[in-house]
Amino acid sequence: MTGTVRRVVSLVPSLTEAVAVTGPELLVGATDWCSHPPGLDVVRVRGTKNPDLERIAALRPDLVVANEEENRPADLAALRGAGIEVLVTEVRTLPQAFAELERVLTAGCGLPRPAWLDEAEEVWSAVRPAVDATAVVPVWRRPWMVLGRDTFAGDLLARLGVRNAYAGHTERYPRVGIGELNEPGRAGLVVLPDEPYRFTAGDGPEAFPGLPAALVSGRHLTWYGPSLAEAPAVLGAALAEASAAPPAAPPP
């Protein structure tokens, strides 16, 4: 990044939180999906997949921060074509998350390395498995989609003792029928985050009657930002509780 950064637009909820917590004076725009920190008061620029490019340009940002998975290349190219500097992150593992957060905050935004990032690295370096289980990890319903290979969420779960049943799949987010997901011996646990699909106690576990279900915080499982410091404890507790509970009852 060249020059002083005074105005930042974020197109990624987790990066929005990271910038807002570390250098709140810099953040001038964020997507409608950027829900943290609570009470965030910046201009909203629609969604991650359909950002309002004209509104972003009108904010005169020195930097737009984005992600190769969450944002569309065509939108980022259009912003660059308008003369706006865009920093694109790639996060598929925990070490990548730490490296990219430092790049965004220090090299990109010109901020000092935050204490929460040091805390998150320290907490994860000392993490121990919370369970010992093979799991299916749905991220969508209608159609069913699960975590496949090479995902950030899969890496976090692996560090907590969860073997992803579809980690060897050729796709990162494969569509898999519910019958296959429930095949005997496929898994001993189902992990159901509350985003991107909002799985709840009444929407999700009933589809896996033979498996204990761990309802987990999607923010702690899929966001890379300040939430990483508390993610091991939050996710570990949910996984351990589910592993000790009986499987969900089949629907009537």
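1. Where is the place of Asp203? In this predicted model, Asp203 sits in the loop that runs between strand 10 (189-193) and strand 11 (213-216). Leaving aside residues up to four places away in sequence, Asp203 touches Arg141, Tyr197 and Arg198. With Tyr197 there is a polar contact between the two side chains, at 2.7 Å.

2. Tyr197 also takes part in an aromatic cluster, whose members are Trp140, Trp144, Tyr197, Phe199 and Phe208. Tyr197 is buried, its relative accessible area being 12%. Phe199 is buried too, at a relative accessible area of 4%.

3. Five aromatic pairs turn up in a search of the whole structure. One of them is the edge-to-face pair of Phe152 and Tyr224, with 5.7 Å from centre to centre and 85° between the planes. Phe152 belongs to helix 6 (residues 152-159), whereas Tyr224 lies in the loop between helix 8 (218-222) and helix 9 (231-243), so this pair ties together parts 72 residues apart in sequence. Both Phe152 and Tyr224 are buried. Tyr197 and Phe199 form another pair, a tilted one, with a centre-to-centre distance of 4.6 Å and planes at 50°.

4. Strand 10 and strand 11 belong to an open sheet of four strands, ordered 9-6-10-11 and paired in parallel. Its edges are strand 9 (162-164) and strand 11, each of which pairs on one side only. From one strand to the next, the twist averages 40°.

5. Within this sheet, strand 6 (residues 133-136) and strand 9 are joined in the parallel sense over three bridges. Thr134 stands opposite Arg163 of strand 9. Helix 9 lies across strand 9, strand 10 and strand 11, and runs at about 160° to strand 11.

6. Another open sheet has five strands in the order 3-2-1-4-5, again with parallel pairing. Strand 3 (43-44) and strand 5 are the edge strands; each has a single partner strand, so one side of each is left without a neighbour in the sheet. Strand 1 (residues 8-10) pairs with strand 4 in the parallel sense over three bridges. Val9 has Val64 in strand 4 as its bridge partner.

7. Which strands does helix 1 (residues 13-22) lie across? Helix 1 lies across strand 1, strand 2 (27-30), strand 4 and strand 5, and it runs at about 165° to strand 2. Helix 3 lies across strand 4 and strand 5, running at about 155° to strand 5.

8. Helix 3 (residues 73-81) has Asp75, Leu76 and Leu79 as buried residues. Viewed down the helix axis, the buried residues of helix 3 fall within an arc of 95°, so they line one face of the helix. These buried residues pack against helix 2 (53-58), strand 4 (63-67) and strand 5 (86-89). On the face turned away from the buried side, helix 3 carries the exposed residues Pro73, Ala74 and Gly81.

9. What is the sign of phi at Gly83, the residue that follows helix 3? The phi of Gly83 is positive, near 85°.

Terms used: Residues are numbered from 1 along each chain as its sequence is written. This is a predicted model: local features need pLDDT of at least 70, side-chain atom pairs count only at pLDDT 80 or more; totals for chains, interfaces and linings use all residues. Side-chain values use heavy atoms; hydrogens and water are left out. Helices (H or I, at least four residues) and strands (E, at least two) are DSSP runs, numbered from the N terminus. A polar contact is a pair of N or O atoms within 3.5 Å; within protein, one must be able to donate a hydrogen and the other to accept it, and residues adjacent in sequence count only if both atoms are side-chain atoms. Contact means heavy atoms within 4.5 Å. Rings of Phe, Tyr and Trp (its six-membered ring) pair if their centres lie within 6.5 Å; planes under 30 degrees apart count as stacked, over 60 as edge-to-face and the rest as tilted. Buried means under 20% relative accessible area, exposed over 50%, partly exposed in between (1.4 Å probe, protein chains only). The arc is that of the directions from the helix axis to the C-beta atoms. Two strands pair if DSSP finds at least two bridges between them. Axes are lines fitted to C-alpha atoms, for helices over the stretch in contact, and angles run from 0 to 180 degrees between N-to-C directions.
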